[in-house]
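Trainee: I have a model open and would like to read it step by step. Where do we begin?

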Amino acid sequence: MKKRKLKKSVKGCLILVVMGLFLIATSIIYCYLVSPVDINDNKDIEVNIKQGMHTRDIGKLLKEKDLIKSYSFFLLYGKLNNCSSLKAAKYNVKKSMSLEEIYDDICKGNAANESINLTFKEGKRITDYAELISKETNISKEDFLNTVNNKTYLKELINKYWFLNNDILNENIYYPLEGYLFPDTYNFKSKDITSEEIIEKLLEEEGNVLSKYKSKILDGKHTIHEYITLASMAELEGTNLENRKGIISVFENRLKIGMNLGSDVTTYYAEGKSMSEPLDAKAFNNLNSYNTRNKSFKTLPVGPIASVSKESIEATLYYDPSDYYYFVADSNKKIYFTKTGTEHEALVTKLKKEGKWLW
């Protein structure tokens, strides 16, 4: 009887030992299979899980990218961990992530950062901005331009930003926000943004920049709209702070005596042409609300003609007074200033003889 009991006891112990060894082995295997593929590899690997993909497809994708150790265990892990659905999105997954971390991200939809950077350059037109936006976001060029021309929306913006006023609603203006969208590099949450989000982010920065000069602007001899218009012309005509101050001085002198500003860049804008395209006499003589080359046009253009840098704003507000009434740039973009028409024509002749004439 005692021997029989002993045998049963030994048999029971063996079963317990086997079960214990099995549990230990299972735990070791489990820990191995959920552990990272490479604990030291922190490089992001993009995993694009599309709508309609089954768990099997996701497992195969992760295995192909060497992000999990076992495709079969991924499926088993999914059954053991009740997740209603794995979310379609783009994920940044690292080999240093455990299966638990990977699965948890996909289950909760912790997608990759899809933010984008957009760089808006100074001296560019709103149409250039619209082109960039259409390439980098899900907003079409047409939709963006429709938004910047929407009168109801523009009135809301006028009420929101101190530097915008009813001057931008002039019916002769091509794009009311031209010159007011500050050029810089901006970060947005994703390509799925709205035109309004872009516009107001750039206007916020415009306000930040202009706030430094607010008292100077409000106490000045020009309206804010006129200052931005002058600055946009200096942006395109000049190349640095110093010569832009000189250019503004020429414009101010001409405005004082009722002389046309004679700025080619306004004609380009009036005609809707790029600066590399030729202009003819007809274009120069066209009586357009932007074209200051027409001799009967003796005021500022109806509005800005390009985006404006901080440097051009400073040049406009703090220009150096002079007795110059003319300026011209050579083929090396060096700018010369003269006092009289005779001096100006002589300089142009000299530049042509030296092969430095820009045109």
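Mentor: Begin with a term. Buried means under 20% relative accessible area, and exposed means over 50%. Keep in mind that this model is predicted.

Trainee: Which residues of helix H4 are buried?

Mentor: Helix H4 covers residues 99-108. Apply the cut-off of under 20% relative accessible area. The residues of H4 that count as buried are Leu99, Ile102, Tyr103, Ile106 and Cys107.

Trainee: Why are they on the same side of H4?

Mentor: An α-helix has 3.6 residues a turn, so residues three or four places apart point the same way. Now look around the axis of H4. The buried residues are on the same side of H4 because they cover an arc of only 125 degrees.

Trainee: Which residues are exposed on the other side of H4?

Mentor: Here the cut-off is over 50%. On that other side, the exposed residues are Glu100 and Lys108.

Trainee: What phi does glycine 109 take?

Mentor: Glycine 109 comes just after H4. Its phi is positive, at about 75 degrees.

Trainee: Now the whole chain. How many helices and strands does the protein chain have?

Mentor: Count each kind of element along the chain. The totals are 15 helices and 6 strands.

Trainee: What is the radius of gyration of the protein chain, and what does the globule rule give?

Mentor: The globule rule gives 21 Å for 359 residues. The chain is well over that, so it is more spread out than a compact globule. The C-alpha trace spans about 135 × 50 × 35 Å along its principal axes. The radius of gyration is 34 Å.

How values were computed
Residues are numbered from 1 along each chain as its sequence is written. This is a predicted model: local features need pLDDT of at least 70, side-chain atom pairs count only at pLDDT 80 or more; totals for chains, interfaces and linings use all residues. Side-chain values use heavy atoms; hydrogens and water are left out. Helices (H or I, at least four residues) and strands (E, at least two) are DSSP runs, numbered from the N terminus. The radius of gyration is taken over C-alpha atoms; the globule rule is 2.2 Å times the number of residues to the power 0.38. Buried means under 20% relative accessible area, exposed over 50%, partly exposed in between (1.4 Å probe, protein chains only). The arc is that of the directions from the helix axis to the C-beta atoms.
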